[in-house]
Amino acid sequence: MSDADHQDHSPDDARFLRQSFAVAKRAVGHGNHPFGAVLVDQTGRVLLEAENSLMPSHDGTAHAERLLATQACTTLPADALKTATLYSSAEPCAMCAGAIYWAGIGRVVYGLSEHRLREITGNHPENPTLDLPCRVVFDSGQRPIAVVGPLLEDEAAALHEDFWAR
């Protein structure tokens, strides 16, 4: 994908991305890390929401995007997923990008980049961030996934700056 593809976003992207930020805030209220994801169909209808769910089970794979991708591919038709957009408060990690790819979701818009997240979290034991862009994971696949991000990165970063300092 070219750099132009990275900036090709719709007017609704900011609204739905901010909705993923609200889900991330809700996750913190439930004792989890500040990550949220929202799946929206091509008509602008919200299909699913998922928040990070590390606690109470200590499941390190319970990232918002992975949970949403699992729910999406087990409950929604493949053609709906091809044209859907997953909005994520932060860039999907390698695990989540793989789940999004295998679920067949066609587009991703994210707020905070993995690189900036790693700068914020440092060497926090609860978030050993992989500094691997989701585009690298998607580009290694056989079907295209459009990616927009980082978008509203300062707003997305604000969700994390105080949280990881605790």
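Me: In which sense do β1 and β2 pair, and over how many bridges?

Reply: This is a predicted model. In it, β1 and β2 pair in the antiparallel sense over five bridges. Two bridges are enough for strands to count as paired. Within this pairing, Val38 stands opposite Glu49 in β2.

Me: What do β1 and β2 form, and what lies between them?

Reply: They form a hairpin, with five residues between the two strands. Gly44 sits in the turn and has a positive phi of about 90°.

Me: Where is Thr43 found?

Reply: Thr43 is in the loop between β1 (36-40) and β2 (46-51).

Me: How do you know whether Thr43 is buried or exposed?

Reply: Look at its relative accessible area, which is 65%. Exposed means over 50%. Thr43 is therefore exposed.

Me: What makes the pair Thr43 and Asp41 a polar contact?

Reply: The side chain of Thr43 meets the side chain of Asp41 at 2.7 Å. A polar contact needs a pair of N or O atoms within 3.5 Å, one able to donate a hydrogen and the other to accept it. The distance of 2.7 Å is within that limit, so it fits the cut-off.

Me: How far apart are Thr43 and Ala72 in sequence and in space?

Reply: They are 29 residues apart in sequence. In space they are 17 Å apart, C-alpha to C-alpha.

Me: Why is β1 called mostly covered?

Reply: Five of its five residues are buried. For each, buried means under 20% relative accessible area. Both faces are covered. Gly36, Val38 and Val40 lie on one side, and Ala37 and Leu39 lie on the other.

Me: In which sense does β1 pair with β3?

Reply: β1 and strand β3 (residues 85-90) pair in the antiparallel sense over four bridges. In β3, the bridge partner of Val38 is Tyr87.

Me: In which sense do β3 and β4 pair?

Reply: β3 and strand β4 (residues 107-112) pair in the parallel sense, over five bridges. One pair to look at is Thr85 and its bridge partner in β4, Arg107.

Me: How do you know whether Thr85 is buried or exposed?

Reply: Thr85 is in strand β3. Its relative accessible area is 8%. The cut-off for buried is under 20%. Thr85 is therefore buried.

Me: Which residues does Thr85 touch?

Reply: Leaving aside residues up to four places away in sequence, Thr85 touches Val38, Leu39, Val40, Arg107 and Val109. Its side chain also makes a polar contact with the side chain of Arg107, at 3.3 Å.

Me: What is the order of the strands in the sheet?

Reply: The order is β2-β1-β3-β4-β5. It is an open sheet of five strands with mixed pairing.

Me: Why do β2 and β5 each have one side left without a neighbour in the sheet?

Reply: β2 and β5 (146-148) stand at the edges. Each has a single partner strand, so one side is left free of a neighbour in the sheet. From one strand to the next, the twist averages 15°.

Me: What makes α2 roughly parallel to α8?

Reply: The axes of helix α2 (residues 12-29) and helix α8 (residues 153-161) cross at roughly 0° and come within 11 Å. Angles under 35 degrees count as roughly parallel. That is why α2 is called roughly parallel to α8.

Me: Which residues make the contact between α2 and α8?

Reply: From α2 come Arg18, Phe21, Ala24 and Lys25. From α8 come Glu155, Ala156 and Leu159. By class, the contact of α2 with α8 has four nonpolar, three charged and no polar residues.

Note on methods. Residues are numbered from 1 along each chain as its sequence is written. This is a predicted model: local features need pLDDT of at least 70, side-chain atom pairs count only at pLDDT 80 or more; totals for chains, interfaces and linings use all residues. Side-chain values use heavy atoms; hydrogens and water are left out. Axes are lines fitted to C-alpha atoms, for helices over the stretch in contact, and angles run from 0 to 180 degrees between N-to-C directions. Angles under 35 degrees count as roughly parallel, over 145 as roughly antiparallel, 65 to 115 as roughly perpendicular and the rest as oblique. Contact means heavy atoms within 4.5 Å. Ala, Val, Leu, Ile, Met, Phe, Trp, Tyr, Cys and Pro count as nonpolar, Asp, Glu, Lys and Arg as charged, and the others, Gly among them, as polar. Buried means under 20% relative accessible area, exposed over 50%, partly exposed in between (1.4 Å probe, protein chains only).
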